[in-house]
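Okay, thanks for making time, everyone. I'll put the structure up and then walk through a few spots in it.

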Amino acid sequence: MNKTFFLDRDGVIIEDENYLSDPAKARLCPGCAEAIKQIADAGYQIIVTSNQSGIARGYFSWKEVKAVEARIEELLVKEGAPKPNAWYYCPHHPKGVIPEYTQECDCRKPKPGLLLQAGREHNVDFQHSCMIGDKLSDIEAAYAAGCRSAALVLTGHGGEQKLESLDHPCLTAGTILDAVRKLLANAQ
């Protein structure tokens with residue numbers, strides 16, 4: 001079983017660009033490369049789970065999502081960080097315009113479907129895993145999947161969230177690097 005850090009993409013790994021489709025606009029959040037190095041050095045696998053309703057809404061295609069992913073990996077490697085072990089996306093939204101993706105699903109966070117799929121495919125030990133996100137839906141999905149802990153970063157949409165609505169405790173951190181340091185310290 002593998003201990004895992006689940007990471008949201010927009011607002012956590014990269015600056016939130018609101019339906020980003022252009023890889024050239026991808027910019028790593030402050031401290032991201034160092035955070036990912038520390039996660040890997042601590043022996044965790046890294047899995048990105050991201051709602052990408054822009055696919056259902058017709059704003060961009062899978063090809064563009066994968067191009068942004070490739071650009072993020074390029075930026076991480078350039079700064080000496082490893083690539084994430086896996087990327088999982090939810091393309092669905094009930095108000096979409098692309099029929100095959102216009103639906104309620106079990107993979108759109110706050111539902112845990114993306115994390116559970118990753119768990120099956122990457123032998124995740126949820127009791128020794130955690131999540132970093134910038135929305136309550138990230139945190140709710142992590143706890144629904146069985147993660148031990150989670151942190152809300154104040155980048156992206158983090159500063160807009162109301163933690164009192166959560167049923168579980170949640171750390172807060174200014175950046176992904178701050179969140180990683182706190183979560184790793186709590187794991188020891």
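Let's start with H92. Skipping its neighbours within four places in sequence, H92 touches S53, A56, E100, Y101, Q103, C105, C107 and R108. Keep in mind that this is a predicted model.

So where does H92 sit? You'll find H92 in the loop between β3, residues 86-90, and α3, residues 113-122. And is H92 buried or exposed? Its relative accessible area is 13%, and the cut-off for buried is under 20%, so H92 counts as buried.

Follow that loop along and you get to α3. The buried residues there are G113, L114, L115, A118 and G119. What do they pack against? They have β1 (4-7), β2 (45-51), β3 and α4 (136-145) as partners. Then, just after α3, have a look at N123, which takes a positive phi of about 50°.

Okay, over to the other spot, a helix pair. Two packed helices get described by the angle between their axes and the distance between the axes. For α1 (residues 32-41) and α5 (residues 176-187), the angle is about 20° and the axes are 8 Å apart. That angle is under 35 degrees, so we call α1 roughly parallel to α5. The crossing of α1 past α5 is left-handed.

Who's making the contact? On the α1 side we have C32, E34, A35, Q38 and I39, and on the α5 side I176, L177, V180, R181 and L184. By type, the residues in this contact of α1 with α5 come out as seven nonpolar, one polar and two charged.

That's my tour, happy to rotate the view for anyone.

Definitions and conventions
Residues are numbered from 1 along each chain as its sequence is written. This is a predicted model: local features need pLDDT of at least 70, side-chain atom pairs count only at pLDDT 80 or more; totals for chains, interfaces and linings use all residues. Side-chain values use heavy atoms; hydrogens and water are left out. Axes are lines fitted to C-alpha atoms, for helices over the stretch in contact, and angles run from 0 to 180 degrees between N-to-C directions. Helices (H or I, at least four residues) and strands (E, at least two) are DSSP runs, numbered from the N terminus. Angles under 35 degrees count as roughly parallel, over 145 as roughly antiparallel, 65 to 115 as roughly perpendicular and the rest as oblique. A crossing is left-handed if the near helix is turned anticlockwise from the far one by less than a right angle, and right-handed if clockwise. Contact means heavy atoms within 4.5 Å. Ala, Val, Leu, Ile, Met, Phe, Trp, Tyr, Cys and Pro count as nonpolar, Asp, Glu, Lys and Arg as charged, and the others, Gly among them, as polar. Buried means under 20% relative accessible area, exposed over 50%, partly exposed in between (1.4 Å probe, protein chains only).
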